[in-house]
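Got the viewer open? Let's take a walk through this one, selecting a few things at a time.

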Amino acid sequence: MIITSSNSVRIIADARKTPNPFERALHSELFVAIASPLLILLVWEIVVRVHLLDARFFPAPSSVIEELLLLVQSGQLFVDIGWTLLRVVIGTLLGTIPGVILGIVLGLSPMVRAFVQPAISALYPVPKIALFPLVMLMFGIGEASKWAIVAVAVFFQVFYSTLAGVVNIDRIYLDVASNFKASRWQTFYTVAVPGALPFIFTGFQLGIGMALIVVVIAENFGTQVGVGFLIWRSWQIFEVRDMYVGLIVVALMGYCFQLLLQRLQKAIIPWKKDGGT
């Protein structure tokens, strides 16, 4: 706003054009991210209350929260979460390590890639959970079979992401390593690994999602603990609210894993910006 007088000209900011903190919060992405699921839950609650949805199959969110609190108070929910986390972490590590190593080796060696990749490509489309009966025959129905099926599911995600990362490294970096007479091992850890790290983390994130999907199904066999067992048992006895609690817990576990990986990625790959490499 411009105010003039006979002797001076003053420019005064128009307060109406400056949004206050509340208005800024309303238009922020964080507010939208929080408000959208809350709105969905509110609509869900209302629709169930007015009997437009069958509460036997779609219980009201408030009743699911009540059941969640009861399971938390009993302590059994933490036991189930602990066992599921253990299986996911062990299986993910068992799948990630060979996935990264093999992805880098195949990325650096076209001849090895031509020899090995057809077999991996043939196995990739097979639904991983369809391999679970075979895995149980090989490792039994105990913990080893659950680690193995999670490792198989994670391996392919990490392998293909790592391979794509190495293949997409600018050729000039490999040429520089060759000109300086770098050994294969030096090329491995000074060029291939740093160059492929953003892709490796992408594969890691995809692998964690696959691990949760697979472990929930695997926990229906040969175990009495785990979030997956909670879901399957609730389905068998038609305790729908417990089933929704299990689904919510799996979703929260996946979200927390993604947040953890994002923080880890920013710490390990500070040069990578969001949305690009």
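## Stop one: a leucine in H9

Select Leu197 to begin: its relative accessibility is 16%, and because buried means under 20%, this leucine counts as buried. You are now in helix H9, which covers residues 184-218. Keep in mind throughout that this is a predicted model. Now add Gln265 to your selection. Along the chain Gln265 and Leu197 are 68 residues apart, yet their C-alpha atoms are separated by 8.8 Å.

## Zoom out: the whole chain

Show the entire protein chain as a cartoon and colour it by secondary structure. You should find eleven helices and two strands. Starting at the N terminus, both β elements come before the α elements. The protein chain has 277 residues, and buried ones make up 35% of them.

Switch on a surface next. Its accessible area comes to about 17200 Å², with carbon and sulfur atoms contributing 70% of that. As for contacts, take those between residues at least 6 apart in sequence: 71% of them join residues at least 24 apart.

## Stop two: H4 against H7

Select residues 76-108 for helix H4 and residues 143-167 for helix H7. How far apart are their axes, and at what angle do the two helices pack? The axes are 6 Å apart and the angle is about 35°. Rotate the view and you can follow H4 as it passes H7 in a right-handed crossing. Colour the contact of H4 with H7 by residue class and you get 20 nonpolar, eight polar and three charged residues.

## Stop three: a glycine in H9

Go back to helix H9 and pick Gly207. Is Gly207 buried or exposed? Its relative accessibility is 0%, so Gly207 counts as buried. Set aside the neighbours within four places in sequence, and Gly207 is in contact with Val154 and Gln157. Add Gly95 as well: from C-alpha to C-alpha, Gly95 sits 8.7 Å from Gly207, although the two are 112 residues apart in sequence.

## Stop four: aromatic rings

Time to show the aromatic side chains. For each pair of rings, the things to look at are the distance of the centres and the angle of the planes. The count here comes to nine aromatic pairs.

Pick out Tyr124 and Phe156. Their ring centres are 5.8 Å apart and the planes meet at 50°, so this pair is tilted. The pair links distant parts of the chain, 32 residues apart: Tyr124 is in the loop between helix H5 (110-123) and helix H6 (132-139), while Phe156 belongs to helix H7. Tyr124 is partly exposed, at 35% relative accessible area, whereas Phe156 is buried at 6%.

For another pair, jump to Trp232 and Trp235. With centres 6.1 Å apart and planes at 85°, these rings are edge-to-face. Both tryptophans lie in helix H10 (residues 227-236), three residues apart, or about one turn of the helix. Check each one on the surface: Trp232 counts as partly exposed at 27% relative accessibility, and Trp235 counts as exposed at 55%.

## Last stop: the cluster

Finish by selecting Tyr124 and Phe156 again, this time with Phe155, Phe159 and Tyr160. What do these five residues form together? They make up one aromatic cluster.

How values were computed
Residues numbered from 1 in each chain as written. Predicted model: local features only at pLDDT ≥ 70, side-chain atom pairs only at ≥ 80, totals over all residues. Heavy atoms only, no water. Helix = DSSP H or I, 4+ residues; strand = E, 2+ residues; numbered from the N terminus. Buried < 20%, exposed > 50% of the residue type's maximum accessible area, 1.4 Å probe, protein only. Axes fitted to C-alpha atoms, helices over the stretch in contact; angles between N-to-C directions. Left-handed = near helix turned anticlockwise from the far one by under 90°. Nonpolar A, V, L, I, M, F, W, Y, C, P; charged D, E, K, R; others polar. Contact = heavy atoms within 4.5 Å. Areas by Shrake-Rupley, 256 points an atom, 1.4 Å probe, with all protein chains shown as cover. Phe/Tyr/Trp six-rings, centres within 6.5 Å; stacked < 30°, edge-to-face > 60°.
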